[in-house]
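This report covers the fold summary of one protein chain, one helix pair and two single residues. The sequence and structure come first.

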Amino acid sequence: MIRRALLPALVVAALGGSAAHGATPGTKTYFVLGQQLVPVQVVARTPRAAIARLVAGPPARSGLRTFVPESTRVRHSSRSGSTVTVDLNAAFASGRPTWRNARLAQLVYTVSSLRG
């Protein structure tokens with residue numbers, strides 16, 4: 001029950017960060033360095049393409065890591081105005097709660113970097 005209550009707060013906090021406001025133009029995927037989210041510029045014009053780049057993992061030898069499991073698959077994504085809906089397989093929700101929170105932040109920041 002508590003986790004469901006915290007989820008909207010995490011999403012609002014993520015959307016209020018620099019990824020959604022004041023970021024440089026262009027789509028980015030967000031990976032982790034230490035305890036910080038780090039943007040990596042990518043070419044992706046749709047939510048599905050941006051998420052595919054996120055699932056593919058960080059660039060080799062970058063020192064970045066990801067909390068998104070390699071087995072994560074995008075089942076469906078859609079965009080209506082400024083709202084993006086993403087349906088991922090169960091792999092995305094697996095693992096420790098802190099890992100799930102980190103990967104959710106990666107996803108929200110990545111999708112928020114899309115224009116519009």
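Is the crossing of H2 and H3 right-handed or left-handed? In this predicted model, the crossing of H2 and H3 is right-handed.

**The helix pair**

Two packed helices are described by the angle between their axes and the distance between the axes. Helix H2 covers residues 47-56 and helix H3 covers residues 97-112. Their axes come within 9 Å and cross at roughly 140°. H2 is therefore oblique to H3, since an angle has to be over 145 degrees to count as roughly antiparallel.

On the H2 side, the contact is made by Ala50, Ile51 and Leu54. These meet Gln106, Leu107, Thr110 and Val111 in H3. By class, the residues of this contact divide into 5 nonpolar and 2 polar, with no charged residue.

**The chain as a whole**

The secondary structure of the protein chain consists of 3 helices and 4 strands. Read from the N terminus, the order of elements is α-β-β-α-β-β-α. The chain has 116 residues, and 34% of them count as buried. Its accessible surface comes to about 7400 Å², with 57% of that area belonging to carbon and sulfur atoms. As for contacts between residues at least 6 apart in sequence, 54% join residues at least 24 apart.

**Two single residues**

Ser77 and Arg61 are set side by side below by their relative accessible area.

| Residue | Location | Relative accessible area | Class |
|---|---|---|---|
| Ser77 | strand S3 (residues 74-80) | 19% | buried |
| Arg61 | loop between H2 and S3 | 88% | exposed |

Why does Ser77 count as buried? Its relative accessible area is 19%, and buried means under 20%. Leaving aside neighbours within four places in sequence, Ser77 is in contact with Pro47, Arg48, Thr85 and Val86. Of these partners, Pro47 and Arg48 fall within the range of H2, residues 47-56.

Arg61 is found in the loop between H2 and S3. Arg61 counts as exposed because its relative accessibility is 88%, where exposed means over 50%. What is the sign of phi at Arg61? The value is positive, near 60°, in a residue other than glycine.

Notes: Residues are numbered from 1 along each chain as its sequence is written. This is a predicted model: local features need pLDDT of at least 70, side-chain atom pairs count only at pLDDT 80 or more; totals for chains, interfaces and linings use all residues. Side-chain values use heavy atoms; hydrogens and water are left out. Helices (H or I, at least four residues) and strands (E, at least two) are DSSP runs, numbered from the N terminus. Buried means under 20% relative accessible area, exposed over 50%, partly exposed in between (1.4 Å probe, protein chains only). Contact means heavy atoms within 4.5 Å. Accessible areas come from the Shrake-Rupley method with a 1.4 Å probe; for residues, only the protein chains shown count as cover. Axes are lines fitted to C-alpha atoms, for helices over the stretch in contact, and angles run from 0 to 180 degrees between N-to-C directions. Angles under 35 degrees count as roughly parallel, over 145 as roughly antiparallel, 65 to 115 as roughly perpendicular and the rest as oblique. A crossing is left-handed if the near helix is turned anticlockwise from the far one by less than a right angle, and right-handed if clockwise. Ala, Val, Leu, Ile, Met, Phe, Trp, Tyr, Cys and Pro count as nonpolar, Asp, Glu, Lys and Arg as charged, and the others, Gly among them, as polar.
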